[in-house]
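Reader: Hello! I am new to this structure and would love a close look at one part of it, the packing around its aromatic rings and nonpolar cores.

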Amino acid sequence: MKQRFLFIFLVLIAVNTSQAQGKTTRIGYIDMEYILENVSDYKEAKAQLELKAQKWKQEIEAKKLNINSLKENLKTEKALLTKELIDERETEIKFLENEMLDYQQKQFGADGNLMRQKSALAKPIQDQVFTAVQDIAEAKNYDFIFDKSSDLTMLFSNKRFDISDQVLRVLNRTEKREQLTKKQLKDQEAKESKENAIDENPAMSDRQKVLDERKAAREKLIEDRRLEQEAKKKEYDDRRKAIQAEREAKKNGTVSEPAKTTEAAKTTETGKTGETAKPAAAATTEPTTTEPAVDKAAERQKLYEQRKKELEERRKKILEEREAAKKAKEAETQKTNTTNN
């Protein structure tokens, strides 16, 4: 505790000395726990270690259950046992208890397997983090960089001094560079340069955020227009098919009338020759296809009305989104003008 306060005191003295000399002091901090939790290799190894720890806990619980069972048996049979047997069983139970406590300490103690493996797991990544912090400090002229998750107590920390995401980007870049081609590497460097500029200027970060939001709104508007055009095209195709089907149905209906007349004439001739009239009856009862075709046309008309309604609702929604985007843009412009003034 004394060392911690002494360290803070020395930092404050250094800051005041720099300010007295007219030099601007740059201070940043990182959150090591946040960085570790966002490194994929560490997360996978930590999950495996947690599975090991869970297995150790189950073994300890099994030992406890066995000891409790022996205690209960001894309590039940104590009246029937001699003093020597009782002492022998109590000694055995005491031995098992000590063995269980030793195993628990070995796995979960301050210097147990869990702590040692956690430390060994984090050590390589921590080394990479320290290297990245040194590179960032040298490149951006930081005077002090603290670790928020260490023993150093930070009573207050402004988020804009947090460089944890910058450190994560450096770690991810190092991993990705090995798999990039020359062109991809050049694009990556340009992207890194842009990200560094944004980190240096918070106002630029806000402006970039606004630009990203506008870009997303434009892309969404283009996508909505494309969907609307596809819906209109589909509606036109369905309407054309419905009209064509209706024409085919009418055509089939007009053709069936002469067919009926011909069949009726044949029936009359057959009656004159004395043959049976059964084929004529079969001919007169032949169903036409006009009525099912009309039902299909009505169904298509209903589907068309439904799609028309959906398109109208979608158009209203797009107009509302455009109006909202316009108001947001006006508010942002007003906010920018107020800031400049």
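To get my bearings, how many helices and how many strands are there in the protein? And then, which rings pair up, and what lies around Trp56 and Phe108?

Author: Happy to walk you through it. Please keep in mind that this is a predicted model. The protein has 10 helices and two strands, and along the sequence these follow the pattern α-β-α-α-α-α-β-α-α-α-α-α. Of its 341 residues, 21% are buried. If you take the contacts with a separation of 6 or more, 76% of them join residues 24 or more positions apart. The protein exposes about 26300 Å², and 53% of that is supplied by carbon and sulfur atoms.

Now to the rings. There are two aromatic pairs in the count. In one of them, Trp56 and Phe108 have ring centres 6.1 Å apart and planes at 80°; planes over 60 degrees apart count as edge-to-face, so this pair is edge-to-face. The partners come from distant parts of the chain, 52 residues apart: Trp56 belongs to helix α3 (residues 40-77) and Phe108 to helix α4 (residues 83-108). Trp56 has 11% relative accessibility, so this residue counts as buried, whereas Phe108, at 28%, counts as partly exposed.

The other pair, Phe144 with Phe146, is stacked, with 6.3 Å from centre to centre and 0° between the planes. Here Phe144 is partly exposed at 22% relative accessibility, while Phe146 is buried, with a relative accessible area of 14%.

Back at Trp56 and Phe108, a good residue to look for is Leu114. This leucine is found in helix α5 and is buried, with a relative accessible area of 15%. Setting aside neighbours within four places in sequence, Leu114 is in contact with both rings of the edge-to-face pair, Trp56 and Phe108, and also with Leu49, Ala53 and Gln107. You can trace another link across the sequence here: Leu114 and Lys52 are 62 residues apart along the chain, yet their C-alpha atoms are separated by 8.7 Å.

Next, the cores. The largest nonpolar core has 20 residues, and those touching the most other members are Ile30, Ile35, Val39, Tyr42, Val129 and Val167. Two or more residues each are given to this core by α2 (32-37), α5 (113-140) and α6 (164-177). Helix α5 supplies the largest share, eight residues. Val39 shows how such a member is surrounded: not counting residues up to four places away in sequence, Val39 touches Ile125, Leu168 and Leu171. Apart from this core lies another, of 13 residues, and Trp56 is among them, along with Ile86, Met100 and Tyr103. Trp56 therefore has a place in this core as a buried residue, besides its edge-to-face pairing with Phe108.

Finally, rings can have charged company too. Tyr103, one of the members of that 13-residue core, has the charged end of Lys63 sitting over its ring, 5.5 Å from the centre. Elsewhere, Arg26 lies over the face of Tyr142, at 4.5 Å from the ring centre.

If you would like a route for your own viewing, begin at Trp56 and find the ring of Phe108, move on to Leu114, which contacts them both, and then turn to Val39 and its contacts Ile125, Leu168 and Leu171.

Technical notes: Residues are numbered from 1 along each chain as its sequence is written. This is a predicted model: local features need pLDDT of at least 70, side-chain atom pairs count only at pLDDT 80 or more; totals for chains, interfaces and linings use all residues. Side-chain values use heavy atoms; hydrogens and water are left out. A nonpolar core is a set of buried Ala, Val, Leu, Ile, Met, Phe, Trp, Tyr and Cys residues joined through side-chain atoms within 4.5 Å. Buried means under 20% relative accessible area, exposed over 50%, partly exposed in between (1.4 Å probe, protein chains only). Helices (H or I, at least four residues) and strands (E, at least two) are DSSP runs, numbered from the N terminus. Contact means heavy atoms within 4.5 Å. Rings of Phe, Tyr and Trp (its six-membered ring) pair if their centres lie within 6.5 Å; planes under 30 degrees apart count as stacked, over 60 as edge-to-face and the rest as tilted. A charge sits over a ring if NZ of Lys or CZ of Arg is within 6 Å of the ring centre and within 35 degrees of the ring normal. Accessible areas come from the Shrake-Rupley method with a 1.4 Å probe; for residues, only the protein chains shown count as cover.
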